[in-house]
Amino acid sequence: MKTDRKKIFQQRFNRYYPMLCRIAAGYLPSGDDCEDVVQELFISVWNHGKDNLEEDAFVAYLKTATRNNCISFLRRRQHIDTISTDEESTLQLSDTTDTD
């Protein structure tokens, strides 16, 4: 049974991975980021047993999850960029402050 699940999962991965990377490319500027998002999605699908959905529902789930994961990725990146910018500003301010 587990071997069948692995085989079906591998077939679905091979079938849908390229399409999902194209969807992710509509949201993310980096091909590497697109691949990361889609690979993480498939890991999540496996870990949470979402691969037991019927084909049409599975494809709809993958497309929606890809879009949502891309948006989350961009939000995290924006948050990290904001933190970095804030830290740099703080460092610049402390460097210019005279402590004598």
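What percentage of the 100 residues in the protein chain is buried?

**Entry 1. The whole chain.** I worked from a predicted model. I found that buried residues account for 23% of the 100 residues in the protein chain. I then looked up the secondary structure and noted three helices and zero strands. Read from the N terminus, the order of elements is α-α-α. For the surface, I recorded an accessible area of about 7300 Å², with 51% of that area belonging to carbon and sulfur atoms. I also checked contacts between residues at least 6 apart in sequence, and 64% of these join residues at least 24 apart.

**Entry 2. Helices α1 and α2.** I next examined how helix α1 (residues 2-25) meets helix α2 (residues 31-47). Their axes come within 9 Å and cross at roughly 145°. The crossing of α1 past α2 is right-handed. On the α1 side, I listed residues in the contact including Arg5, Phe9, Phe13, Tyr16, Leu20 and Ala24. On the α2 side, the contributors include Cys34, Val38, Leu41, Phe42 and Trp46. Sorted by class, this contact holds 14 nonpolar, one polar and four charged residues.

**Entry 3. The nonpolar core.** I turned to the largest nonpolar core, which has 19 residues. The members that touch the most other members are Tyr16, Leu20, Val38, Phe42 and Leu62. Each of α1, α2 and α3 (55-96) supplies at least two residues of this core. I followed Val38 further and, setting aside neighbours within four places in sequence, found it in contact with Tyr17, Leu20, Cys21 and Ala24.

**Entry 4. Val37.** Which residues does Val37 touch, not counting those up to four places away in sequence? I noted Leu28, Thr66, Asn69, Cys70 and Phe73. Val37 itself lies in helix α2. I entered Val37 as buried because its relative accessibility is 6%, the cut-off being under 20%. Val37 and Phe73 are 36 residues apart in sequence, yet their C-alpha atoms are 7.8 Å apart in space.

**Entry 5. Asp51.** Is Asp51 buried or exposed? I located Asp51 in the loop between α2 and α3. Its relative accessible area is 10%, so I entered Asp51 as buried. Leaving out residues up to four places away in sequence, I found that Asp51 touches Arg5, Phe9, Arg12, Val45, Trp46 and Phe58. Among these partners, Arg5, Phe9 and Arg12 also belong to the α1 side of the contact with α2, and Val45 and Trp46 belong to the α2 side.

Technical notes
Residues numbered from 1 in each chain as written. Predicted model: local features only at pLDDT ≥ 70, side-chain atom pairs only at ≥ 80, totals over all residues. Heavy atoms only, no water. Axes fitted to C-alpha atoms, helices over the stretch in contact; angles between N-to-C directions. Helix = DSSP H or I, 4+ residues; strand = E, 2+ residues; numbered from the N terminus. Left-handed = near helix turned anticlockwise from the far one by under 90°. Contact = heavy atoms within 4.5 Å. Nonpolar A, V, L, I, M, F, W, Y, C, P; charged D, E, K, R; others polar. Buried < 20%, exposed > 50% of the residue type's maximum accessible area, 1.4 Å probe, protein only. Areas by Shrake-Rupley, 256 points an atom, 1.4 Å probe, with all protein chains shown as cover. Core = buried A, V, L, I, M, F, W, Y, C linked by side-chain atoms within 4.5 Å.
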